[in-house]
Amino acid sequence: MSSPLPGGTQGAEPDGSWPVEEWTVENFRSLIATDLPSIQRVAAMLDLLAAEPERAYSTTTLVERINLERGQIKGALAAFTRHLHAHYGRGNWPMKFEWATDPDSTYPAEAFYRLDKANAARWQEARATA
């Protein structure tokens, strides 16, 4: 998989106007406590990604595993980016995003998402103590 993001940046591509900051357990607890449907959809994604750190999940797999439609995932991630700007003053998602081809998908290329081991551990700690 090749990333369209410079230097392996996590999540939405920062344009320089928002800082890229490490995610903390407290940041994740705050996300978990957010009752907006879009943020809860991203939380469901993070639950799945944290269960198998470093494993890349295609959008097709996410749709199947967390029972959402493609448009719901796309909309949730757009809202997530706006939420991060407004409430966290940051430009980076906790998960990595890459474009690749999935041989099991009918789409020629699609987004893949994965959570690194450090963020997966922080997410799981936040879930356990939220």
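Which elements are included in what covers the buried residues of α3? I shall come back to that question shortly. Good morning, everyone. The structure shown above is a predicted model, and I will describe its overall layout before turning to particular helices.

Let us begin with the chain as a whole. There are 5 helices and 3 strands. Read from the N terminus, their order is α-α-β-α-α-β-β-α. The chain has 130 residues, and 47% of them are buried. If we take the contacts with a separation of 6 or more, 69% are made by residues that lie 24 or more positions apart.

I now return to the opening question about helix α3, which covers residues 59–66. Its buried residues are Thr59, Thr60, Thr61, Leu62 and Ile66. Their cover includes two helices, α2 and α4, together with the strands β1 (57–58) and β3 (110–114). Immediately after α3 comes Asn67, with a positive phi of about 55°.

Two residues of this helix deserve a separate word. Thr59 belongs to α3, and its relative accessibility is 8%, so Thr59 counts as buried. Leaving aside residues up to four places away in sequence, Thr59 touches Arg70, Ile73, Glu110, Ala111 and Tyr113.

Then there is Thr60, also in α3. Is Thr60 buried or exposed? Its relative accessibility is 15%, and buried means under 20%, so Thr60 counts as buried. The side chain of Thr60 forms a polar contact with the side chain of Glu110, at 2.9 Å. Thr60 also illustrates how positions separated in sequence can be brought together: Tyr107 is 47 residues away along the chain, yet the two C-alpha atoms are 8.7 Å apart.

We move next to the packing of helices. Two packed helices are described by the angle between their axes and the distance between the axes. Consider first helix α2, residues 37–51, and helix α4, residues 70–88: their axes come within 8 Å and cross at roughly 105°. α2 is therefore roughly perpendicular to α4. On the α2 side, the residues that meet α4 are Ser38, Ile39, Arg41, Val42 and Met45. Facing them in α4 are Gln72, Ile73, Ala76, Leu77, Ala79, Phe80 and His83. Sorted by class, this contact of α2 with α4 comprises 8 nonpolar, 3 polar and 1 charged residues.

The second pair is helix α1, residues 25–33, and helix α5, residues 117–129. Here the angle is about 55° and the axes are 8 Å apart, so α1 and α5 are oblique to each other. The crossing of α1 past α5 is right-handed. From α1, the contact draws on Val25, Phe28, Arg29 and Ile32. From α5, it involves Asn119, Arg122, Trp123, Glu125, Ala126, Arg127 and Thr129. The contact of α1 with α5 has 5 nonpolar, 2 polar and 4 charged residues.

Finally, I would like to point out a residue outside the helices. Pro94 sits in the loop between α4 and β2 (96–100). Its relative accessibility is 0%, which means that Pro94 counts as buried. Where does Pro94 lie with respect to Leu46? In sequence the two are 48 residues apart, while in space their C-alpha atoms are separated by 8.7 Å.

To close, let me recall the opening question: the cover over the buried residues of α3 includes α2, β1, α4 and β3. Thank you for your attention.

Technical notes: Residues are numbered from 1 along each chain as its sequence is written. This is a predicted model: local features need pLDDT of at least 70, side-chain atom pairs count only at pLDDT 80 or more; totals for chains, interfaces and linings use all residues. Side-chain values use heavy atoms; hydrogens and water are left out. Helices (H or I, at least four residues) and strands (E, at least two) are DSSP runs, numbered from the N terminus. Buried means under 20% relative accessible area, exposed over 50%, partly exposed in between (1.4 Å probe, protein chains only). A polar contact is a pair of N or O atoms within 3.5 Å; within protein, one must be able to donate a hydrogen and the other to accept it, and residues adjacent in sequence count only if both atoms are side-chain atoms. Axes are lines fitted to C-alpha atoms, for helices over the stretch in contact, and angles run from 0 to 180 degrees between N-to-C directions. Angles under 35 degrees count as roughly parallel, over 145 as roughly antiparallel, 65 to 115 as roughly perpendicular and the rest as oblique. Contact means heavy atoms within 4.5 Å. Ala, Val, Leu, Ile, Met, Phe, Trp, Tyr, Cys and Pro count as nonpolar, Asp, Glu, Lys and Arg as charged, and the others, Gly among them, as polar. A crossing is left-handed if the near helix is turned anticlockwise from the far one by less than a right angle, and right-handed if clockwise.
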